[in-house]
Amino acid sequence: FSGHFAPLSTAQAADFVRDEAMARGARIAPGAVAALLEACGVDTWRLHQEVAKLAAIAGSLHAPEIDERAVRASVSVEREEPIFALLDAFALRDAKAALKILRDISSGGTVDGQIIALLASETRTLIAVRELVERGESDRNAIAGRVGAHPFRVAKAMSTSRKWPKGALSVLLDRLLDCDLEMKSSGSPLALLELAALSLGR
């Protein structure tokens with residue numbers, strides 16, 4: 001169970017990308033792997049989705065491999081998609097915004113349980129970043145290397161993590177893990193996440 005949420009190192013994420021491409025009969029250039037990690041960090045769910053899309057594009061164009069230009073053209077580094085807006089709302093402990101985003105997602109289809117895994121991954125990153133900052137580390141590039149995230153995301157995490165009371169991130173992570181267990185037994189991802197969102201301010 002715990003492995004479901006285990007964060008990958010940058011090297012492990014790169015291997016994951018190459019394996020995903022190979023499983024789809026595609027090759028991916030080293031520059032493309034680096035560009036993909038820059039855009040997605042070590043979020044395996046998004047990496048899986050993006051590699052599948054890139055492999056399909058390469059196949060339709062009869063391209064010999066997925067190159068960096070294809071990644072830059074097809075993979076957004078913006079975090080305005082509902083799933084990432086939801087991550088930010090949880091990170092900022094904005095229960096009202098989190099509930100609105102969850103209901104917007106629900107109106108467009110079923111909320112996938114993978115959202116819980118993404119939220120847990122984000123929370124783990126915030127915890128790791130905060131711990132490193134509290135130990136005196138201030139270089140975002142050094143922290144990025146330690147936690148396996150893009151420096152841009154680390155800079156945001158450094159700011160966001162300071163807004164949480166001490167110990168609150170661990171409480172949120174525990175709630176998300178509880179959501180995952182309950183969902184696997186019979187729960188609705190949307191209902192469980194709404195309960196987690198409502199508990200943010202407590």
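Val 75 is where I'll start, with its contacts. Setting aside neighbours within four places in sequence, Val 75 touches Leu 36, Ala 39, Cys 40, Arg 46, Glu 50 and Leu 54. This is a predicted model, so please hear every value as computed from it.

Where does Val 75 lie? It lies in the loop between helix H4, residues 68–74, and helix H5, residues 82–91. The residue has 7% relative accessibility, and because buried means under 20%, Val 75 counts as buried. One of its contacts is Cys 40. Along the chain those two are 35 residues apart, and their C-alpha atoms are separated by 8.6 Å.

Now the helix H1. It runs over residues 10–23, which is 14 residues. From first C-alpha to last, H1 reaches 20 Å, close to the 20 Å expected at 1.5 Å a residue. Which residues of H1 are buried? They are Ala 13, Ala 14, Val 17, Glu 20 and Ala 21. Looking down the axis of H1, these buried residues fall within an arc of 125°, and so they line one face of the helix. On the other side of H1, the exposed residues are Ala 11, Met 22 and Ala 23. Just after H1 comes Gly 25, with a positive phi of about 70°.

What covers the buried residues of H1? The cover includes helix H2, residues 30–40, and helix H3, residues 44–61. I'll take the H2 side in more detail. A packed pair of helices is described by the angle between the axes and the distance between them. For H1 and H2, the axes come within 10 Å and cross at roughly 115°. The crossing is right-handed. From H1, the residues that meet H2 are Thr 10, Ala 13, Ala 14, Val 17 and Arg 18. Their partners in H2 are Val 33, Leu 36 and Leu 37. Leu 36 has come up before, as one of the contacts of Val 75.

Last, the chain as a whole. Its secondary structure comes to eleven helices and zero strands. Of its 202 residues, 45% count as buried. Among contacts with a separation of 6 or more, residues 24 or more positions apart account for 68%. Val 75 and Cys 40, at 35 residues apart, are in contact. As for surface, the chain exposes about 10,500 Å², and carbon and sulfur atoms supply 54% of that.

Note on methods:
Residues numbered from 1 in each chain as written. Predicted model: local features only at pLDDT ≥ 70, side-chain atom pairs only at ≥ 80, totals over all residues. Heavy atoms only, no water. Helix = DSSP H or I, 4+ residues; strand = E, 2+ residues; numbered from the N terminus. Expected span 1.5 Å × (residues − 1). Buried < 20%, exposed > 50% of the residue type's maximum accessible area, 1.4 Å probe, protein only. Arc of directions from axis to C-beta. Contact = heavy atoms within 4.5 Å. Areas by Shrake-Rupley, 256 points an atom, 1.4 Å probe, with all protein chains shown as cover. Axes fitted to C-alpha atoms, helices over the stretch in contact; angles between N-to-C directions. Left-handed = near helix turned anticlockwise from the far one by under 90°.
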